[in-house]
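Work through the two exercises below. Keep the structure in view and check each step on it.

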Amino acid sequence: MHQSDTDLIFSQRHGQIKDFAFDAQVVEVFPDMIKRSVPGYNTIIDTIGRLSQRYVTDNTNVYDLGCSLGAATLAMRKNITAGGCNIIGVDNSAAMVERCKMHVNAFKGQTPVNIEEANILEFPLVNASMVVLNFTLQFIEQEQRQTLINKIGESLSSGGIFVLSEKISDNDDVCQDLLVDLHHDFKRANGYSELEIAQKRTALENVMRTDTLAVHTQRLKQAGFSHITPWFQCFNFFSLVAVK
Ligand code: GEK
(Lines give C-alpha, C1' and ligand atoms only; values in the text may rest on other atoms or scores of the structure.)
Protein backbone atom coordinates (compact mmCIF):
# COMPACT_ATOMS: atom_id res chain seq x y z
CA MET A 1 0.00 0.00 0.00
CA HIS A 2 1.18 3.51 -0.80
CA GLN A 3 2.26 5.36 2.37
CA SER A 4 -0.25 8.20 1.79
CA ASP A 5 -3.13 5.67 1.83
CA THR A 6 -2.14 4.38 5.29
CA ASP A 7 -4.06 5.62 8.32
CA LEU A 8 -1.52 7.55 10.42
CA ILE A 9 -4.02 10.13 11.74
CA PHE A 10 -3.48 9.35 15.45
CA SER A 11 0.13 8.13 15.19
CA GLN A 12 1.60 11.40 16.56
CA ARG A 13 0.68 12.72 20.01
CA HIS A 14 -2.09 15.36 19.69
CA GLY A 15 -2.09 18.13 22.35
CA GLN A 16 -5.85 18.28 22.33
CA ILE A 17 -7.91 15.58 20.68
CA LYS A 18 -10.74 16.91 18.54
CA ASP A 19 -13.97 14.96 18.01
CA PHE A 20 -13.64 12.52 15.12
CA ALA A 21 -15.05 13.84 11.82
CA PHE A 22 -15.38 12.38 8.33
CA ASP A 23 -13.26 15.11 6.75
CA ALA A 24 -10.82 15.13 3.81
CA GLN A 25 -7.98 13.71 5.95
CA VAL A 26 -10.12 10.72 7.00
CA VAL A 27 -11.43 10.18 3.47
CA GLU A 28 -7.86 9.87 2.19
CA VAL A 29 -7.12 6.85 4.43
CA PHE A 30 -10.65 5.50 4.92
CA PRO A 31 -10.35 2.09 3.18
CA ASP A 32 -7.19 1.31 5.19
CA MET A 33 -8.72 2.65 8.43
CA ILE A 34 -11.95 0.67 8.26
CA LYS A 35 -10.27 -2.63 7.30
CA ARG A 36 -7.71 -2.35 10.13
CA SER A 37 -10.32 -1.21 12.68
CA VAL A 38 -13.48 -3.24 11.99
CA PRO A 39 -13.10 -7.01 12.36
CA GLY A 40 -14.86 -8.84 9.53
CA TYR A 41 -15.39 -5.74 7.37
CA ASN A 42 -14.59 -7.57 4.10
CA THR A 43 -16.81 -10.50 5.04
CA ILE A 44 -19.67 -8.11 5.78
CA ILE A 45 -19.26 -6.26 2.47
CA ASP A 46 -19.13 -9.56 0.52
CA THR A 47 -22.23 -10.82 2.31
CA ILE A 48 -24.15 -7.59 1.57
CA GLY A 49 -23.37 -8.29 -2.09
CA ARG A 50 -24.68 -11.84 -1.85
CA LEU A 51 -27.81 -10.75 0.01
CA SER A 52 -28.56 -8.21 -2.72
CA GLN A 53 -28.58 -10.99 -5.30
CA ARG A 54 -31.08 -12.90 -3.23
CA TYR A 55 -33.42 -10.15 -2.02
CA VAL A 56 -33.42 -7.24 -4.48
CA THR A 57 -36.48 -7.42 -6.70
CA ASP A 58 -37.32 -5.86 -10.08
CA ASN A 59 -38.16 -2.14 -10.28
CA THR A 60 -37.24 -1.26 -6.67
CA ASN A 61 -34.78 1.04 -4.92
CA VAL A 62 -31.78 -0.09 -2.89
CA TYR A 63 -30.38 2.27 -0.25
CA ASP A 64 -26.87 2.41 1.22
CA LEU A 65 -27.21 4.88 4.13
CA GLY A 66 -23.91 6.40 5.28
CA CYS A 67 -22.28 4.98 2.16
CA SER A 68 -18.78 6.48 2.78
CA LEU A 69 -16.71 5.47 -0.27
CA GLY A 70 -19.38 3.13 -1.61
CA ALA A 71 -18.00 -0.31 -0.68
CA ALA A 72 -21.46 -1.76 0.00
CA THR A 73 -22.94 0.06 -3.01
CA LEU A 74 -20.32 -1.46 -5.31
CA ALA A 75 -20.78 -4.95 -3.81
CA MET A 76 -24.51 -4.70 -4.44
CA ARG A 77 -24.12 -3.34 -7.95
CA LYS A 78 -21.86 -6.29 -8.78
CA ASN A 79 -24.41 -8.81 -7.51
CA ILE A 80 -27.92 -7.50 -8.23
CA THR A 81 -29.56 -9.56 -10.95
CA ALA A 82 -33.02 -7.93 -10.74
CA GLY A 83 -33.87 -5.42 -13.48
CA GLY A 84 -35.06 -1.81 -13.36
CA CYS A 85 -33.47 -1.09 -9.96
CA ASN A 86 -31.65 1.98 -8.65
CA ILE A 87 -28.99 2.04 -5.94
CA ILE A 88 -28.97 5.24 -3.89
CA GLY A 89 -25.98 5.90 -1.65
CA VAL A 90 -26.39 8.71 0.90
CA ASP A 91 -23.74 10.39 3.04
CA ASN A 92 -23.60 13.81 4.71
CA SER A 93 -19.82 14.23 4.41
CA ALA A 94 -19.04 16.32 1.32
CA ALA A 95 -15.51 14.90 1.18
CA MET A 96 -16.83 11.30 1.27
CA VAL A 97 -19.46 11.97 -1.38
CA GLU A 98 -16.95 13.53 -3.77
CA ARG A 99 -14.55 10.57 -3.45
CA CYS A 100 -17.39 8.04 -3.51
CA LYS A 101 -18.60 9.32 -6.87
CA MET A 102 -15.08 8.81 -8.27
CA HIS A 103 -15.00 5.22 -6.93
CA VAL A 104 -18.41 4.39 -8.35
CA ASN A 105 -17.59 5.87 -11.75
CA ALA A 106 -14.36 3.86 -11.89
CA PHE A 107 -16.34 0.61 -12.17
CA LYS A 108 -18.96 -0.44 -14.71
CA GLY A 109 -22.27 -2.02 -13.73
CA GLN A 110 -25.79 -2.72 -14.95
CA THR A 111 -27.67 -1.08 -12.09
CA PRO A 112 -27.65 2.76 -12.03
CA VAL A 113 -26.13 4.34 -8.90
CA ASN A 114 -26.86 7.81 -7.47
CA ILE A 115 -24.67 9.15 -4.70
CA GLU A 116 -26.38 11.92 -2.72
CA GLU A 117 -24.95 14.33 -0.15
CA ALA A 118 -27.68 14.43 2.51
CA ASN A 119 -28.55 13.70 6.11
CA ILE A 120 -30.10 10.23 6.22
CA LEU A 121 -32.53 11.45 8.88
CA GLU A 122 -34.09 13.78 6.30
CA PHE A 123 -33.65 11.71 3.14
CA PRO A 124 -36.89 10.17 1.73
CA LEU A 125 -36.88 6.39 1.30
CA VAL A 126 -39.44 4.84 -1.05
CA ASN A 127 -40.19 1.53 -2.77
CA ALA A 128 -37.18 -0.31 -1.29
CA SER A 129 -36.36 -4.00 -1.45
CA MET A 130 -33.02 -3.63 0.41
CA VAL A 131 -31.66 -1.04 2.85
CA VAL A 132 -28.12 -1.12 4.29
CA LEU A 133 -26.94 0.75 7.40
CA ASN A 134 -23.36 -0.52 7.60
CA PHE A 135 -21.75 1.03 10.71
CA THR A 136 -23.71 4.30 10.37
CA LEU A 137 -26.45 4.15 13.03
CA GLN A 138 -23.76 4.43 15.75
CA PHE A 139 -23.14 8.04 14.60
CA ILE A 140 -26.83 9.03 14.83
CA GLU A 141 -28.16 10.57 18.07
CA GLN A 142 -29.68 7.77 20.16
CA GLU A 143 -33.03 9.60 20.49
CA GLN A 144 -33.36 9.72 16.69
CA ARG A 145 -32.58 6.08 15.98
CA GLN A 146 -36.10 4.68 16.37
CA THR A 147 -37.52 7.25 13.92
CA LEU A 148 -34.89 6.31 11.35
CA ILE A 149 -35.48 2.56 11.76
CA ASN A 150 -39.26 3.14 11.49
CA LYS A 151 -38.71 5.05 8.24
CA ILE A 152 -36.59 2.17 6.88
CA GLY A 153 -39.29 -0.34 7.89
CA GLU A 154 -41.99 1.69 6.16
CA SER A 155 -39.97 2.02 2.93
CA LEU A 156 -39.45 -1.73 2.51
CA SER A 157 -41.93 -3.90 0.67
CA SER A 158 -42.97 -7.22 2.19
CA GLY A 159 -40.06 -9.68 1.88
CA GLY A 160 -37.56 -6.79 1.66
CA ILE A 161 -34.35 -6.90 3.66
CA PHE A 162 -32.60 -4.54 6.05
CA VAL A 163 -28.91 -5.08 6.92
CA LEU A 164 -27.71 -3.39 10.11
CA SER A 165 -24.05 -3.57 11.14
CA GLU A 166 -22.85 -1.83 14.30
CA LYS A 167 -20.26 -1.69 17.02
CA ILE A 168 -22.15 -2.85 20.12
CA SER A 169 -21.77 -2.70 23.88
CA ASP A 170 -22.51 -5.31 26.53
CA ASN A 171 -24.28 -4.44 29.80
CA ASP A 172 -22.17 -7.01 31.63
CA ASP A 173 -18.94 -5.18 32.59
CA VAL A 174 -16.80 -8.34 32.49
CA CYS A 175 -18.00 -9.20 28.98
CA GLN A 176 -17.72 -5.57 27.84
CA ASP A 177 -14.08 -5.33 29.03
CA LEU A 178 -13.22 -8.61 27.34
CA LEU A 179 -14.73 -7.59 23.98
CA VAL A 180 -13.02 -4.18 24.08
CA ASP A 181 -9.66 -5.82 24.92
CA LEU A 182 -10.04 -8.34 22.10
CA HIS A 183 -10.84 -5.52 19.68
CA HIS A 184 -7.78 -3.57 20.81
CA ASP A 185 -5.65 -6.70 20.34
CA PHE A 186 -7.06 -6.91 16.80
CA LYS A 187 -6.03 -3.28 16.17
CA ARG A 188 -2.54 -3.88 17.62
CA ALA A 189 -2.15 -6.92 15.38
CA ASN A 190 -3.04 -4.64 12.44
CA GLY A 191 -0.21 -2.26 13.29
CA TYR A 192 -1.92 0.40 15.42
CA SER A 193 0.14 1.59 18.42
CA GLU A 194 -1.13 2.09 21.98
CA LEU A 195 -1.06 5.85 21.36
CA GLU A 196 -3.14 5.54 18.18
CA ILE A 197 -5.69 3.28 19.88
CA ALA A 198 -6.01 5.59 22.91
CA GLN A 199 -6.26 8.82 20.90
CA LYS A 200 -8.82 7.37 18.45
CA ARG A 201 -10.88 6.16 21.39
CA THR A 202 -10.95 9.69 22.83
CA ALA A 203 -11.81 11.22 19.44
CA LEU A 204 -14.79 8.86 19.05
CA GLU A 205 -16.11 9.27 22.60
CA ASN A 206 -18.55 12.09 21.80
CA VAL A 207 -19.54 11.04 18.29
CA MET A 208 -20.05 7.28 18.44
CA ARG A 209 -22.56 5.90 20.94
CA THR A 210 -23.11 2.17 20.97
CA ASP A 211 -26.23 0.20 21.96
CA THR A 212 -26.57 -3.40 23.10
CA LEU A 213 -27.77 -6.10 20.73
CA ALA A 214 -30.98 -6.30 22.80
CA VAL A 215 -31.70 -2.59 22.20
CA HIS A 216 -31.13 -2.96 18.45
CA THR A 217 -33.42 -5.99 18.27
CA GLN A 218 -36.17 -4.27 20.27
CA ARG A 219 -36.02 -1.23 17.96
CA LEU A 220 -36.45 -3.43 14.89
CA LYS A 221 -39.40 -5.26 16.42
CA GLN A 222 -41.02 -1.94 17.22
CA ALA A 223 -40.52 -0.92 13.58
CA GLY A 224 -42.50 -3.97 12.47
CA PHE A 225 -39.74 -6.38 11.42
CA SER A 226 -40.81 -9.92 12.22
CA HIS A 227 -37.75 -11.94 11.10
CA ILE A 228 -34.53 -10.74 12.72
CA THR A 229 -31.26 -12.64 13.00
CA PRO A 230 -27.70 -11.61 13.77
CA TRP A 231 -25.61 -13.39 11.12
CA PHE A 232 -22.14 -12.11 12.14
CA GLN A 233 -20.33 -11.18 15.33
CA CYS A 234 -16.64 -10.71 16.00
CA PHE A 235 -15.79 -9.14 19.38
CA ASN A 236 -17.96 -6.00 19.77
CA PHE A 237 -18.90 -5.76 16.08
CA PHE A 238 -21.99 -7.39 14.68
CA SER A 239 -24.26 -7.47 11.66
CA LEU A 240 -27.88 -8.55 11.50
CA VAL A 241 -30.48 -9.05 8.83
CA ALA A 242 -34.14 -8.22 9.26
CA VAL A 243 -36.74 -9.30 6.74
CA LYS A 244 -40.05 -7.50 6.58
C1 GEK B 1 -19.09 1.23 4.48
N2 GEK B 1 -21.18 2.21 5.25
O3 GEK B 1 -17.90 1.32 4.08
N4 GEK B 1 -26.35 11.27 7.35
C5 GEK B 1 -25.61 10.73 6.35
N6 GEK B 1 -24.40 10.13 6.56
C7 GEK B 1 -23.94 10.09 7.83
C8 GEK B 1 -24.66 10.65 8.91
C9 GEK B 1 -25.91 11.25 8.63
N10 GEK B 1 -26.67 11.79 9.59
N11 GEK B 1 -23.94 10.47 10.05
C12 GEK B 1 -22.80 9.82 9.68
N13 GEK B 1 -22.80 9.60 8.34
C14 GEK B 1 -19.74 2.44 5.09
C15 GEK B 1 -19.07 2.80 6.38
S16 GEK B 1 -18.78 4.93 8.13
C17 GEK B 1 -18.44 3.95 9.51
C18 GEK B 1 -19.80 3.85 7.17
C19 GEK B 1 -17.15 4.22 10.22
C20 GEK B 1 -21.77 8.91 7.53
C21 GEK B 1 -20.34 9.42 7.73
O22 GEK B 1 -20.08 10.59 6.96
C23 GEK B 1 -19.53 8.20 7.31
O24 GEK B 1 -19.18 8.26 5.95
C25 GEK B 1 -20.46 7.02 7.57
O26 GEK B 1 -21.72 7.57 7.95
C27 GEK B 1 -19.98 6.07 8.68
O28 GEK B 1 -19.75 0.17 4.36
O29 GEK B 1 -16.32 4.99 9.73
O30 GEK B 1 -16.98 3.62 11.34
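A polar contact is a pair of N or O atoms within 3.5 Å; within protein, one must be able to donate a hydrogen and the other to accept it, and residues adjacent in sequence count only if both atoms are side-chain atoms. The model is predicted: local features need pLDDT of at least 70, side-chain atom pairs count only at pLDDT 80 or more, and totals for chains, interfaces and linings use all residues. Residues are numbered from 1 along each chain as its sequence is written, and side-chain values use heavy atoms, without hydrogens and water.

**Exercise 1.** Find polar contacts of the ligand.

*Solution.*
- Step 1: Start at Y41. A polar atom of its side chain lies 2.5 Å from a ligand oxygen.
- Step 2: Go to D91. An N or O atom of its side chain is 2.6 Å from an oxygen atom of the ligand.
- Step 3: Turn to N92. Here a polar backbone atom is 3.2 Å from a ligand nitrogen.
- Step 4: Check the cover. On its own the ligand has 660 Å² of accessible area (Shrake-Rupley method, 1.4 Å probe). The protein covers 94% of that area.

**Exercise 2.** Trace the sheet from its strand order.

*Solution.*
- Step 1: Write the order. The open sheet has seven strands (E, DSSP runs of at least two residues, numbered from the N terminus), in the order 3-2-1-4-5-7-6. Pairing, which takes at least two DSSP bridges, is mixed.
- Step 2: Mark the edges. Strand 3 (113–117) and strand 6 (227–234) each pair on one side only.
- Step 3: Join strand 2 (residues 86–91) to strand 3. They run parallel, with five bridges.

Methods. Helices (H or I, at least four residues) and strands (E, at least two) are DSSP runs, numbered from the N terminus.
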